[in-house]
Amino acid sequence: MEDIEIPASGPLVGKKLLYFTSIFVSIGVFLFGYDQGVMSGIITGAHFKNQFNNPSSLLIGTTVAILEIGALASSLMVGTIGDIIGRRRTIRYGAFTFVFGGLLQTISNTISVLIIGRLITGVGVGLLSTTVPIYQTEISPPHNRGKLACVQFTGNIFGYASSVWVDYACSYIENNFAWRIPLFLQCVIGTLLFLGSFIIVETPRWLLAHGHDAEGIVVIADLYTDGNVRDEKAVNEFKSIKENVLIDRLEGEKSYSEMFRRYPKRLFVAMSALAFAQLNGINVISYYAPLVFEQAGWVGRDAILMTGINAIIYILSTLPPWILIDSWGRKPILISGGLTMGVSMVLVSYAMFLDIPNTPALVVLFIISANSSFAYSWGPIPWLFPGEVLPLSVRSKGASLSTATNWLCNFMVGELSPILLEKIQWRLYLIHGSSCMLSALVVWILYPETSGVTLEDMDSVFDDASSIMSSVHSRSNYGAVLDDNVSSRSFVSLAQQARNLPSLSTELNYSSNSNIKAGAPFILPQDLEPPSSQEITAYRSRDNNSLRGSIRRGSESVTSLFK
């Protein structure tokens with residue numbers, strides 16, 4: 001790269017930018033969590049029941065679960081949409097759709113309008129719940145990729161807990177604002193996410209996959225090397241991602257059938273994890289906790305209060321994985337969480353079967369235990385897998401199918417739970433307890449450990465490397481470089497490495513790719529060179545004159561006033 005001075009994008013670079021972006025996009029999962037919990041307190045309120053003529057269990061189940069149908073539909077489409085328009089725009093459109101659906105719910109006077117609003121909100125939730133985890137994964141370093149995903153899940157549960165306590169506070173209002181205010185607040189939060197989507201960066205992997213190399217190297221530098229585009233770490237990361245992108249292009253566009261044929265184990269891990277996350281029974285608690293507590297003996301506002309206490313412990317239980325997920329690994333956490341959650345569900349069932357004076361207290365205790373077990377294991381990790389285990393060429397498609405699986409199972413649980421709670425009562429928890437035990441067994445036997453592996457090296461874990469041959473051996477040390485203990489590796493071509501080696505066969509062995517075929521196309525070092533300083537400067541100039549640049553400068557000016 002030429003020796004021309006290229007200033008950093010601004011003061012918000014490096015770790016500050018990475019953590020700001022991670023926390024900000026967590027508003028997307030906060031909204032998902034808020035919407036999960038907000039209906040649980042509303043549906044037991046007297047004013048809600050009066051407004052909608054005491055809806056039946058079936059109608060309540062449909063009203064709650066229709067959101068999953070909207071989310072299912074949009075999550076199936078977002079694989080294509082996200083690849084075309086990018087992660088940032090998909091988050092923007094998801095936030096806008098969410099707000100529009102929330103406003104319809106807020107002003108609804110009939111159950112049909114409420115259901116339509118829930119459906120539209122579900123479309124927004126599907127866009128956000130598929131895209132935000134991919135976005136998070138694509139900007140995160142491998143040594144704390146799990147930690148950032150867990151931070152994001154804490155945002156989700158904080159949203160859930162906030163909605164429960166908003167419901168509790170509004171239960172003292174003696175008119176329809178008791179349920180309209182909780183529904184309106186989600187619109188306010190969604191608007192913040194919509195506005196913030198004009199500030200956050202696009203992911204470097206999407207940018208390089210779509211030919212935006214100048215913006216890509218700038219984003220890489222801003223995220224990982226404090227804005228220094230000449231830093232060796234930034235250049236190596238650019239080349240690593242670019243190599244992966246070029247290999248995908250040489251292999252050609254992958255259809256859904258090709259994706260299933262080539263990456264069956266990766267898809268199984270991504271889809272089954274999100275399926276188990278729902279079938280393990282968490283949303284019986286999230287959607288219907290007040291009903292569950294009423295059935296156990298807590299009445300009216302006390303049921304919402306117990307749900308609120310449970311939600312606080314739920315938040316606290318999401319904190320240990322921040323430390324454990326990248327040191328223990330994914331598998332031990334999932335196995336232990338599945339087993340403890342399964343035991344808790346069985347104990348809930350037994351306590352309700354006994355129907356003794358202590359049953360209400362025992363049910364609260366075991367529900368809290370089940371929630372806590374889920375919060376540190378099957379809550380955060382399944383959402384990490386689609387973006388983590390799937391290669392860039394099929395990441396959006398695979399994440400789309402995985403998220404659709406989540407919403408299909410979520411719909412089944414949401415639709416059937418109020419009916420089953422009424423019909424089979426305590427036996428319902430035995431079904432979910434069995435699912436928890438099965439999930440632990442599946443992880444133990446079939447899931448690989450992915451902790452600490454870079455996204456570009458994930459093929460070594462699943463043994464499905466590309467047959468395309470690169471004359472460059474470039475594997476990234478990082479999804480982003482933040483670990484000061486990791487030394488940067490120089491970027492050296494195989495030709496340079498092989499100067500003193502006797503034959504091409506040694507070169508082929510060095511590539512560590514047993515699938516390479518004779519005559520396979522080469523990717524040469526010059527194909528991976530970052531854009532010139534002039535191209536980067538030209539991009540910076542365009543960006544500074546754009547709406548995003550104006551908003552960023554304004555936000556930085558406001559921030560500087562408080563320093």
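User: Is Leu 103 buried, partly exposed or exposed, and at what relative accessibility?

Analyst: First, a caution: this is a predicted model. The idea is to compare a residue's relative accessible area with two cut-offs: under 20% is buried, over 50% is exposed, and in between is partly exposed. Leu 103 has 37% relative accessibility, so Leu 103 counts as partly exposed. Leu 103 is found in helix α4, residues 87-107.

User: Which residues form a nonpolar patch on the surface with Leu 103?

Analyst: A residue needs over 30% relative accessible area to enter a patch. Leu 103, at 37%, is joined in this patch by Phe 177, Ile 181, Phe 184, Leu 185 and Val 188. Together they have about 490 Å² of accessible area.

User: Which helix gives the largest share of that patch?

Analyst: Helix α7, residues 177-196, supplies five residues. Leu 103 sits in α4.

User: Now a helix pair. How do the axes of α1 and α6 meet?

Analyst: Read the distance, the angle and the hand. Helix α1 covers residues 15-42, and helix α6 covers residues 145-170. Their axes come within 6 Å. The crossing angle is roughly 35°. The hand of the crossing is right-handed.

User: What kinds of residues make up the contact of α1 with α6?

Analyst: Sort them by class. The contact has 13 nonpolar residues, 12 polar ones and one charged.

User: Next, contacts between distant parts of the chain. How far is Ile 282 from Asn 371?

Analyst: Set the sequence separation beside the spatial one. Ile 282 and Asn 371 lie 89 residues apart along the chain. Their C-alpha atoms are separated by 6.9 Å.

User: Is Ile 282 buried or exposed?

Analyst: Apply the cut-off again: buried means under 20%. Ile 282 has a relative accessible area of 2%, so Ile 282 is buried. The residue belongs to helix α13, residues 282-296.

User: Last, backbone angles. What is phi of Asp 226?

Analyst: Look at the sign of phi, then at the residue type. Phi of Asp 226 is near 55°, a positive value, and the residue is not a glycine. Asp 226 is placed in the loop between α9 (213-224) and α10 (232-251). With a relative accessible area of 52%, Asp 226 is exposed.

User: Where is Gln 425 found?

Analyst: Gln 425 is in the loop between α19 (395-423) and α20 (428-446). Phi of Gln 425 is positive too, about 50°, although the residue is not a glycine. Gln 425 has a relative accessible area of 39%, so Gln 425 is partly exposed.

Note on methods. Residues numbered from 1 in each chain as written. Predicted model: local features only at pLDDT ≥ 70, side-chain atom pairs only at ≥ 80, totals over all residues. Heavy atoms only, no water. Axes fitted to C-alpha atoms, helices over the stretch in contact; angles between N-to-C directions. Helix = DSSP H or I, 4+ residues; strand = E, 2+ residues; numbered from the N terminus. Left-handed = near helix turned anticlockwise from the far one by under 90°. Nonpolar A, V, L, I, M, F, W, Y, C, P; charged D, E, K, R; others polar. Patch = residues over 30% accessible without salt bridge, like charges linked within 9 Å, V, L, I, M, F, W, Y side chains within 5 Å. Areas by Shrake-Rupley, 256 points an atom, 1.4 Å probe, with all protein chains shown as cover. Salt bridge = Lys/Arg side-chain N within 4 Å of Asp/Glu carboxyl O. Buried < 20%, exposed > 50% of the residue type's maximum accessible area, 1.4 Å probe, protein only.
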